[in-house]
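Please walk through the structure below. The text takes the metal sites before the sheet.

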Amino acid sequence: GGGGGGGARVILGSATPSLETLHLAATGKIARFELPGRVGAWPLPPVEVIDLRTAPRVADARGVPWTESLDDAVRGALGRGEQVILLLNRRGFATYLQCPSCGDVRDCPQCAIALTVHQTPPALRCHYCGHEEPIPTTCRVCGKATQRMRGLGTQQLEHFTALRFPEARIARMDLDTTSTKWAHHRILERVAQGKVDILLGTQMIAKGLDFPNVTVVGVVDADTGLHLPDFRAAERTFQLVAQVAGRAGRGPKGGRVYVQTRAPEHHAIRAAAAHSVAEFAVHELPLRAPPNPSYPPWVGLVRFVAAHEDAIAAQEAAERVAAWLARANAERLGGALTVLGPAPCPIERLKGRWRWHVLVKASEPRALGRVVRAWGARARAVVVVDRDPVTLL
Ligand SMILES: [Zn+2]
Ligand SMILES: [Zn+2]
């Protein structure tokens with residue numbers, strides 16, 4: 001890389017680089033250097049994948065997916081005076097439909113993202129293209145009754161672990177407990193001083209923590225992110241699980257990671273268990289290319305988000321964008337674009353404003369550039385354009 005302009009060089013460092021970054025390296029646009037060893041030279045910890053569909057759970061777990069294997073591991077670590085990290089990355093806004101016995105999740109036939117359960121009117125809806133279908137009561141694969149999955153929150157998990165391990169000193173780290181200035185720092189300081197036995201939290205605890213006395217890491221429900229309505233759901237799940245897995249075994253006592261999931265054969269889970277971004281990329285890249293719906297890095301993506309206090313106004317603004325895009329595509333771009341939507345954003349309401357979006361894909365980046373420039377010339381405050389969006393929520 002580098003060379004242009006002021007001759008500056010940029011170094012991107014990551015144990016879990018994005019597929020876009022890997023693609024740039026594979027196509028020679030950036031150079032790649034590998035650091036095969038781990039800092040401190042402790043080996044990466046073994047990862048045990050626990051199948052939530054079949055693994056025995058403790059008797060009084062109620063709604064908490066708490067298996068006997070994870071229970072034994074946590075109890076063992078506490079008994080030896082070691083520390084435990086529990087990850088629960090709940091994004092409760094998207095309720096999806098899953099079969100508890102085979103694990104199948106209903107997804108959109110056009111977009112390959114999980115459909116979201118809506119109550120009024122009752123329907124499964126795609127948050128990319130707007131596709132709708134009735135909510136089925138039985139699984140299309142195995143015929144068993146389906147279940148609406150919303151996942152539990154960190155507060156509920158904290159309550160459960162406090163009952164389960166009454167002697168343990170528990171700290172919770174999520175947006176609610178770290179909103180004040182030094183809260184984040186204070187919690188981690190207590191962990192470092194050995195004043196916390198179980199640290200539980202959201203993705204905040206997945207990255208960068210280096211506590212040699214942490215010997216057990218548990219991913220309580222790896223599926224919470226896997227079925228988010230986002231084409232990067234698998235990639236984010238891989239990154240999150242791989243990152244949190246790296247929190248165990250950073251000292252001479254070693255460590256072990258427990259990943260609870262209803263999709264143990266999913267490539268994101270398997271690659272994370274193998275600590276291998278290469279393995280993840282090999283399986284994920286073909287899923288984003290034809291005959292599947294195309295997604296980056298194979299195509300460029302632009303997202304138009306219409307947001308308004310009035311729900312109808314937001315929807316109408318998005319419909320105008322979609323109509324304008326369809327016309328531009330037919331009249332000036334020779335059909336180079338694929339236009340999806342309008343559809344409600346997965347996060348349908350944010351800071352008092354209703355949100356709708358339109359997604360535009362093209363294998364030719366220049367076509368997207370022309371669209372963005374043409375829209376910019378007629379820009380309106382209601383609609384925000386995001387080229388190569390990092391999130392579609
Ligand atoms: Zn099934
Ligand atoms: Zn769709």
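**Metal sites and sheet**

The zinc ion (ligand 1) is held by four sulfur donors, the SG atoms of Cys99, Cys102, Cys139 and Cys142, at 2.3 to 2.4 Å. The model is predicted. What arrangement do the four donor atoms around the zinc ion (ligand 1) make? Their angles at the metal run from 100 to 122°, and the arrangement is therefore tetrahedral, because the criterion asks for all angles between 85 and 135 degrees. For reference, the ideal angle for four tetrahedral donors is 109.5 degrees. Along the chain, the donor residues of the zinc ion (ligand 1) follow the spacing C-x2-C-x36-C-x2-C.

Two of these cysteines can be placed by accessibility. Cys99 has 0% relative accessibility and so counts as buried, the limit for that class being under 20%. Cys102 has a relative accessible area of 25%, which makes this residue partly exposed.

The zinc ion (ligand 2) is coordinated by the SG atoms of Cys108, Cys111, Cys126 and Cys129, again at 2.3 to 2.4 Å. Angles of 105 to 113° among the four donor atoms give the site of the zinc ion (ligand 2) a tetrahedral geometry. In sequence, the donors of the zinc ion (ligand 2) are spaced C-x2-C-x14-C-x2-C. Cys108 and Cys129, 21 residues apart, link distant parts of the chain. Cys108 lies in the loop between strand 3 (96–98) and strand 4 (116–118), and Cys129 lies in the loop between strand 5 (123–125) and strand 6 (132–133). Are Cys108 and Cys129 buried or exposed? Cys108 counts as buried because its relative accessibility is 2%, and Cys129 counts as buried at 17%.

The sheet comes next. Six strands make up an open sheet with parallel pairing, in the order 1-11-10-2-9-8. Strand 1 (47–51) and strand 8 are at the edges; each has a single partner strand, so one side of each lacks a neighbour in the sheet. On average, neighbouring strands of this sheet are turned by 15° against each other, direction ignored.

Within the sheet, strand 10 (residues 214–219) is mostly covered, with six of its six residues buried. Strand 10 pairs with strand 2 in the parallel sense over five bridges, and here Val84 stands opposite Val216 of strand 10. Strand 10 is also joined to strand 11 (residues 256–261) by four bridges, and these two strands run parallel. Across that pairing, Val217 faces Val257 in strand 11, while Gly218 stands opposite Tyr258 of strand 11.

At the edge, strand 8 (residues 170–173) sends Ile170 and Arg172 one way and Ala171 and Met173 the other way, and all are buried. Strand 8 runs parallel to strand 9 (residues 198–201), with four bridges joining them, and Arg172 stands opposite Leu200 in strand 9. How does the chain get from strand 8 to strand 9? It crosses through helix 4 (residues 183–192), and this β-α-β crossover is right-handed.

Which strands does helix 4 touch where it packs on the sheet? Helix 4 touches strand 2 (83–87), strand 8 and strand 9, and its direction makes about 145° with that of strand 8.

How values were computed
Residues are numbered from 1 along each chain as its sequence is written. Chains are lettered from A and ligands numbered from 1 in the order in which they are written. This is a predicted model: local features need pLDDT of at least 70, side-chain atom pairs count only at pLDDT 80 or more; totals for chains, interfaces and linings use all residues. Side-chain values use heavy atoms; hydrogens and water are left out. Donors are N, O and S atoms within 2.8 Å of the metal (3.2 Å for Na, K and Ca); water is not among the atoms, so sites may look incomplete. Four donors count as tetrahedral if all angles lie between 85 and 135 degrees; four count as square planar and six as octahedral if opposite donors are over 155 degrees apart and all others between 65 and 115; anything else is irregular. Buried means under 20% relative accessible area, exposed over 50%, partly exposed in between (1.4 Å probe, protein chains only). Two strands pair if DSSP finds at least two bridges between them. A crossover is right-handed if, with the strands pointing away from the viewer, the path from the first strand over the helix to the second runs clockwise. Axes are lines fitted to C-alpha atoms, for helices over the stretch in contact, and angles run from 0 to 180 degrees between N-to-C directions. Contact means heavy atoms within 4.5 Å.
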